[in-house]
Amino acid sequence: MKTNLKFWYWTPRLLCILAILFISLFALDAFSPELSFWQQIGGFLMHLIPSFILIALLILAWKKELIGGIVFLIIGLSLSPIVFSHNYRMNHSIFMSLGIIFSITIPFAVVGILFMISHFKRKKARNNQQV
């Protein structure tokens, strides 16, 4: 595999892993000293459900780049208005809400685009080898 293909192959996967790790950090707010150990663990696991779903989608995208790319793009773009309006209602700041969008949902849209680019680059390289 050429260096260019390696870049397109690994970039969406690594970026997705980093984005999932970032989303997973928000699960740490489940820990509170007034809760019992099992309540904290239960809350922590509940907060990790989005991360588990994203990991499952990453596994899908790893095997089927085009389908996974479309799914991540849809997730990133469809959740952006929801997250924006929720945060705008809380902080009444357009810029802060946009910053949250660019740090939480847009990376998944970018991952989706990169998975699709990787799919088409690898497909083109396979077709060129066969000719």
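# A tour from helix α3 outward

Start by selecting S51, which lies in helix α3, residues 49-63. The model on screen is predicted. S51 is buried, with a relative accessible area of 2%. Which residues does S51 touch, not counting residues up to four places away in sequence? Show I20, I23 and S24, and you have them.

**Confidence check**

Colour the chain by pLDDT. The mean for the chain is 92. A value of 70 or more is reached by 98% of the residues. Among the elements of the chain, α3 has the highest mean pLDDT, 96. The lowest mean, 91, belongs to helix α2, residues 37-47.

**Helix α3 against helix α4**

Now add helix α4, residues 65-91. Two packed helices are described by the angle between their axes and the distance between the axes. Here the axes of α3 and α4 come within 6 Å. They cross at roughly 145°.

Show the side chains where the two helices meet. From α3, pick L54, L57, L58, L60, A61 and K63. From α4, pick E65, I67, G68, V71, F72 and I75. By class, this contact has 9 nonpolar, 1 polar and 2 charged residues.

Zoom in on L57. Leaving aside neighbours within four places in sequence, L57 is in contact with V71, F72 and I75.

**A61**

Stay in helix α3 and move to A61. Is A61 buried or exposed? A61 is buried, with a relative accessible area of 0%. Beyond residues up to four places away in sequence, A61 touches R13, G68, F72 and F115.

**The nonpolar core**

Next, make one selection of 12 residues, the largest nonpolar core. Begin with C16, A19, I20 and I23. Add L54, L57, L58 and A61. Finish with F72, F108, V111 and F115. Which helices each supply at least two residues of this core? They are α1 (3-25), α3 and α6 (106-130). Two residues from the first stop, I20 and I23, touch S51 and also belong to this core.

**Helix α6**

Select α6 alone. This helix has 25 residues. From its first C-alpha to its last, α6 reaches 36 Å, close to the 36 Å expected at 1.5 Å a residue.

Highlight the buried residues of α6. They are P107, F108, A109, V111, G112, L114, F115, M116, S118, H119 and A125. What covers them? The cover includes α1, α3, α4 and α5 (94-104). Turn those helices on and off to see the cover come and go.

**H119**

Pick H119, in helix α6. H119 has a relative accessible area of 18% and is buried, because buried means under 20%. Leaving aside neighbours within four places in sequence, H119 is in contact with E65 and L66. E65 has appeared already, where α4 meets α3.

Now draw a distance from H119 back to A61. The two residues are 58 residues apart along the chain. Their C-alpha atoms are separated by 10.0 Å.

**Last stop: H92**

Go to the loop between α4 and α5, and select H92. What is the phi of H92? Phi is near 55°, a positive value in a residue other than glycine. H92 counts as exposed, at 59% relative accessibility. Set H92 beside S51 to end the tour: S51 is buried, whereas H92 is exposed.

Technical notes:
Residues numbered from 1 in each chain as written. Predicted model: local features only at pLDDT ≥ 70, side-chain atom pairs only at ≥ 80, totals over all residues. Heavy atoms only, no water. Helix = DSSP H or I, 4+ residues; strand = E, 2+ residues; numbered from the N terminus. Buried < 20%, exposed > 50% of the residue type's maximum accessible area, 1.4 Å probe, protein only. Contact = heavy atoms within 4.5 Å. Axes fitted to C-alpha atoms, helices over the stretch in contact; angles between N-to-C directions. Nonpolar A, V, L, I, M, F, W, Y, C, P; charged D, E, K, R; others polar. Core = buried A, V, L, I, M, F, W, Y, C linked by side-chain atoms within 4.5 Å. Expected span 1.5 Å × (residues − 1). pLDDT = per-residue confidence, 0-100.
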